[in-house]
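Here is a set of short questions and answers on a single structure. Look at the sequence and the coordinates as you read.

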Amino acid sequence: MSFVPENIASLVDAAGTDTVLAFLEAYGGKQLYVPQQPENSPIARMFGDDLAGIICRDFGPGWWTVPMCKAWRVLCYRNQGITIAEIATRTGLSVRQIYATLQSIRQKGLRVAPPRATRCSDDRQISLF
């Protein structure tokens, strides 16, 4: 994805977008102790050795405040087809803040997926209107 923040670019390169999204959803905004070696660390057990190794190399040893990266998460979730309401739940933002974030992302020239159809259409059902 484009628009990856600098402070997590190495994490995305090493572990992939989905793993980093899960990590940020679990630890974003929290203080996390980063050990010197990634082996058998809680991060390695939960998210894999690739992510744990990069975190230990770039941010450890010591305490690290995990970034929230809300705008990037909003963009990733929207491009995955997740609804605005679900994005708001996952990021802790209001629906209005989600729309404002998406608007600012569009103004920067980045692609945002259009909303998906909310209703399923059934070819066997006749139209009432």
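Q: Is Arg90 buried, partly exposed or exposed?
A: This is a predicted model, and the accessibility is computed from it. The relative accessibility of Arg90 is 29%. Buried would require under 20%, and exposed over 50%. Arg90 is therefore partly exposed.

Q: Which residue forms a salt bridge with Arg90?
A: The closest N and O atoms of the pair are 3.0 Å apart. The two residues are 4 residues apart in helix H6, about one helical turn. The partner counts as partly exposed, at 32% relative accessibility. It is Glu86.

Q: How many salt bridges does a search of the whole structure find?
A: One joins Glu86 and Arg90. Another joins Asp58 and Arg57, with the closest N and O atoms 2.8 Å apart. The search of the whole structure gives a total of 2.

Q: Which residue of the Asp58 and Arg57 salt bridge counts as exposed?
A: Asp58 has a relative accessible area of 33%, so it is partly exposed. Its partner reaches 56%. The cut-off for exposed is over 50%. The exposed residue is Arg57.

Q: Within what arc do the buried residues of H2 fall, seen down the helix axis?
A: Helix H2 covers residues 17–27. Its buried residues are Thr17, Val20, Leu21, Phe23, Leu24 and Tyr27. They line one face of the helix, because seen down the axis they fall within an arc of 165 degrees.

Q: Which strands are included in what covers the buried residues of H2?
A: The cover includes helices H1, H3, H4 and H5. Strands are included too, one at 31–34 and one at 62–65. These are E1 and E2.

Q: Which residues have the most contacts inside the largest nonpolar core?
A: This core has 35 residues. Elements giving two or more residues to it are H1, H2, E1, H3, H4, H5, H6 and H7. The residues with the most contacts inside it are Phe23 and Trp72.

Q: Which residues does Phe23 contact, leaving aside its neighbours within four places in sequence?
A: Phe23 is one of the buried residues of H2. With the sequence neighbours left aside, its contacts are Gly28, Leu32, Phe47, Leu51, Ile55, Trp64 and Val66.

Q: Which residues does Thr101 contact, leaving aside its neighbours within four places in sequence?
A: Thr101 is found in helix H7. At 16% relative accessible area, Thr101 is buried. Beyond its sequence neighbours, Thr101 is in contact with Ala71 and Val74.

Q: Is Cys69 buried or exposed?
A: Cys69 lies in the loop between E2 and H5. Its phi is positive, near 50 degrees, and the residue is not a glycine. Relative accessibility is 13%. Under the 20% cut-off, Cys69 is buried.

Q: What is the relative accessible area of Asn40?
A: Asn40 is found in the loop between E1 and H3. Asn40 has a positive phi of about 60 degrees, though not a glycine. Asn40 is exposed, and its relative accessible area is 66%.

Q: What is omega for the cis peptide bond between Gly60 and Pro61?
A: Pro61 sits in the loop between H4 and E2. The cis bond joins this residue to Gly60. Omega is about -10 degrees.

Q: What accessible area do Ile126, Leu128 and Phe129 have together?
A: Ile126 is in the segment after helix H7. Ile126 is exposed, at 65% relative accessible area. With Leu128 and Phe129, Ile126 forms a nonpolar patch on the surface. Their accessible area together is about 490 Å².

Technical notes. Residues are numbered from 1 along each chain as its sequence is written. This is a predicted model: local features need pLDDT of at least 70, side-chain atom pairs count only at pLDDT 80 or more; totals for chains, interfaces and linings use all residues. Side-chain values use heavy atoms; hydrogens and water are left out. Buried means under 20% relative accessible area, exposed over 50%, partly exposed in between (1.4 Å probe, protein chains only). The arc is that of the directions from the helix axis to the C-beta atoms. Contact means heavy atoms within 4.5 Å. Patches are made of residues with over 30% relative accessible area and no salt bridge: like charges are joined within 9 Å, nonpolar side chains (Val, Leu, Ile, Met, Phe, Trp, Tyr) within 5 Å. Accessible areas come from the Shrake-Rupley method with a 1.4 Å probe; for residues, only the protein chains shown count as cover. A salt bridge is a side-chain nitrogen of Lys or Arg within 4 Å of a carboxyl oxygen of Asp or Glu. A nonpolar core is a set of buried Ala, Val, Leu, Ile, Met, Phe, Trp, Tyr and Cys residues joined through side-chain atoms within 4.5 Å.
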